[in-house]
Amino acid sequence: MNCLSVERISKRYGPRLLFEHISFGLEKGQKTAIVARNGTGKSTLLKCIAGLERPDEGTITFNKGLRVGYLDQHVEMTATHSLVDEMLDRDDPVSNAIRTYEHLSAKGSHGPGLEAAIARVTELGAWDHEARIKRLLFQFGLRDLEQPVNTLSGGQQKRLAMAKVLIDLPDVLILDEPTNHLDLPMIEQLEEELSAPNVTLLLVTHDRWFLDNVCDEIIEMEFGAFTRFKGNYSYYVEKKALMDEVRDATQQHLRGLARKELEWVRKMPRGRGTKSKSRLQAFDTLKDLAGRNYDQEQVRLDIKTSRLGGKVIEARNLTKNFGTKKIVAHFNYSIKAGDRIGIVGPNGVGKSTFIDLLTRKMEPDAGKVTIGDTVVLGIFGQQGLQLKEDQRIIEVVRDIAEAIPLSKGRTLTAAQLLERFLFDKEQQYQYVSTLSGGVKRRLYLCTVLMKNPNVLVLDEPTNDLDIATLNALEDFLTDLDICLLIVSHDRFFMDKLCTKLLVFEGDGVIKEWVHTYTELREWQKEQERAARAAKEAKEEKDTREARKGTPSGKITYAERLELRKIDQQLPKLEQKKAELLAAMAEKASDHHAVMELSIELEKVTSELDRISERWLVLMEKEEG
């Protein structure tokens, strides 16, 4: 079934053409990614499809009755209402009941009002929906439902927007950079959810691993063309390389033909007949085709690194807490020249704080950090460069230096450096306010590298950078003889650049891992699978042993014991359910406690349903 049809849409911003006469469609269950360089109009295309902007021409049609969910690349929430109001911003009975209950609970209300709110949620059967909202929010690291939306960080707002899109279970998802600000377990959960057969997806992302695992089609926007590749990212890379080879060979052939025809044009007599004029027109067409330039400019990175001594950064008994939360506890480590270290762990565990401690931007509670005398730090932070919107691009670079020294005694002017980062002379005088998020990140990278660091700290460097720039950065850093500290959830980026990892395990514990990020995740998953398998094997063994010697078709001795056990469990679970509802009313003033109780209520209800179904099966066998 066709879900979406895009017919010959075009879009301009002033004199600049973003895309022209684009046509494609989405079938139900199809998962398509759009790949292009920053600034080519990917986000604008998604906004047009989502109905937030109008194309200059063409039509966009969704199948009737489909629900469409859209996630913007840049989320900015300025409302003062609470997080729960943002999640439940519709006027329907379930949303109104949950919202009323949550607000009364947060205010510490008691008595008939709260009891009536709990009764209303129960009457509507909305506890599962309420628990799903909280479970999604908890997965995205959002726990205070009464926190004003405008006080959330940029990353928290992006995660809230993602949760809000997913809670409605839309038929078609349009996502712009959905993995930004998510840690790896969250990304893997998102991969699993989006990979479901019934999910129809159109997205833009730089995460190559995510593209490989989720998408079954890649659309490339390049040189004004819109090319479809029926496969994941690995398939796209392979086929794209073959297409480029064929195209380059064709161009060489056309240029050879054009040279021969040019000789004919120069020798041709003035008196031109009909055939000569026809051949001349064909030459003009051939010259145009042969003269097309398909060479895609690449970001060219080059820095002059100073000598780095043996001592780089040394931490001794490093300790940092925020209240009762331990970030680092008695950490000892020595970073040496040539180290390429990845720093990994779930969101909120303190990785960025750890970077601030190591670079001495923050003081520890105890312990000491020593930085070597020869160290020149370059820090590419998660928050990006704080730019004045009325400042021109060339002014941003000139504020740092008019000329930049390179290796082998060479220098670059600010304008020449910007050209290496794909800012042509005309674009250099554009205002920062006109740049897309990815182009701003590329400019930020330029300002960091122009300081010629020999220790480079990258905190979430892949956010918003296009894949071409990421590839150039990876190749550059692979060949560069500097020390690297990288915080990232991008598995592809980390596997390629890091030789070891510092793994945050929580409660201030940091352990070293000397294999790749992918191997770490596989090991962690294997540990979880082994624990589950051991538990299931024990349960199966106990059941099998109890059933030995019992005739088939009738209730076994083990099943009779199970039935008696269920008879004892059912009233206890019913009582537990009632106690949880009563406790939610009693502890209404403690909002965090109420959230935990509602999740516990969901678990009890689920278990009650499960054993009730089992009880019915066993009773049928008993009566038979």
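The accessible surface of the protein chain is about 31700 Å², and carbon and sulfur atoms contribute 49% of that area; such areas come from the Shrake-Rupley method with a 1.4 Å probe, and for residues only the protein chains shown count as cover. The model is predicted: local features need pLDDT of at least 70, side-chain atom pairs count only at pLDDT 80 or more, and totals for chains, interfaces and linings use all residues. Residues are numbered from 1 along each chain as its sequence is written, and side-chain values use heavy atoms, with hydrogens and water left out.

**Exercise 1. Describe the protein chain as a whole.**

Step 1. The secondary structure comprises 19 helices and 20 strands. Helices (H or I, at least four residues) and strands (E, at least two) are DSSP runs, numbered from the N terminus.

Step 2. The chain has 624 residues, of which 46% count as buried. Buried means under 20% relative accessible area, exposed over 50%, and partly exposed in between (1.4 Å probe, protein chains only).

Step 3. Among contacts with a separation of 6 or more, 68% join residues 24 or more positions apart. A contact means heavy atoms within 4.5 Å.

**Exercise 2. Determine how helices α3 and α4 pack.**

Step 1. Two packed helices are described by the angle between their axes and the distance between the axes. Axes are lines fitted to C-alpha atoms, for helices over the stretch in contact, and angles run from 0 to 180 degrees between N-to-C directions.

Step 2. For α3 (residues 93-106) and α4 (residues 112-123), the angle is about 145° and the axes are 9 Å apart.

Step 3. The crossing of α3 and α4 is left-handed, a term used if the near helix is turned anticlockwise from the far one by less than a right angle; clockwise would be right-handed.

Step 4. Residues in the contact include Ala 97, Ile 98 and Tyr 101 of α3, together with Leu 114, Ala 117 and Arg 120 of α4. By class, nine residues of the contact are nonpolar, two are polar and one is charged. Here Ala, Val, Leu, Ile, Met, Phe, Trp, Tyr, Cys and Pro count as nonpolar, Asp, Glu, Lys and Arg as charged, and the others, Gly among them, as polar.

**Exercise 3. Work out the arrangement of the sheet that contains β10.**

Step 1. The order of this open, three-stranded sheet is β11-β10-β13, with antiparallel pairing. Two strands pair if DSSP finds at least two bridges between them.

Step 2. Since β11 (325-336) and β13 (366-371) each have a single partner strand, they stand at the edges, so one side of each lacks a neighbour in the sheet.

Step 3. On average, neighbouring strands of the sheet are turned by 15° against each other, direction ignored.

Step 4. Five bridges join β10 (residues 311-322) to β13 in the antiparallel sense; in one of these strands, β13, Val 369 is the bridge partner of Ala 315.

Step 5. Helix α11 (residues 351-358) packs on the sheet and touches β10, β11 and β13, its direction making about 130° with that of β10.

**Exercise 4. Explain whether strand β6 is enclosed or open, and identify its partners.**

Step 1. Five of the five residues of β6 are buried, so the strand is largely enclosed by the rest of the structure.

Step 2. Val 172, Ile 174 and Asp 176 point one way from β6, while Leu 173 and Leu 175 point the other way.

Step 3. β5 and β6 run parallel and are joined by four bridges, with Leu 173 of β6 as the bridge partner of Gly 69.

Step 4. β6 also pairs in the parallel sense with β7 (residues 200-204), over five bridges. Asp 176 stands opposite Val 204 in β7.

**Exercise 5. Locate residues with a positive phi and state their surroundings.**

Step 1. Most residues other than glycine have a negative phi.

Step 2. His 21, in strand β2 (residues 16-27), has a phi near 55°. Its relative accessible area is 34%, so His 21 is partly exposed.

Step 3. Glu 177 has a positive phi of about 55° and lies in the loop between β6 and α7. At 5% relative accessibility, Glu 177 counts as buried.

Step 4. Asp 507, with a positive phi of about 60°, lies in the turn of the hairpin formed by β19 and β20, which have two residues between them. These strands, residues 500-506 and 509-513, pair in the antiparallel sense over five bridges.
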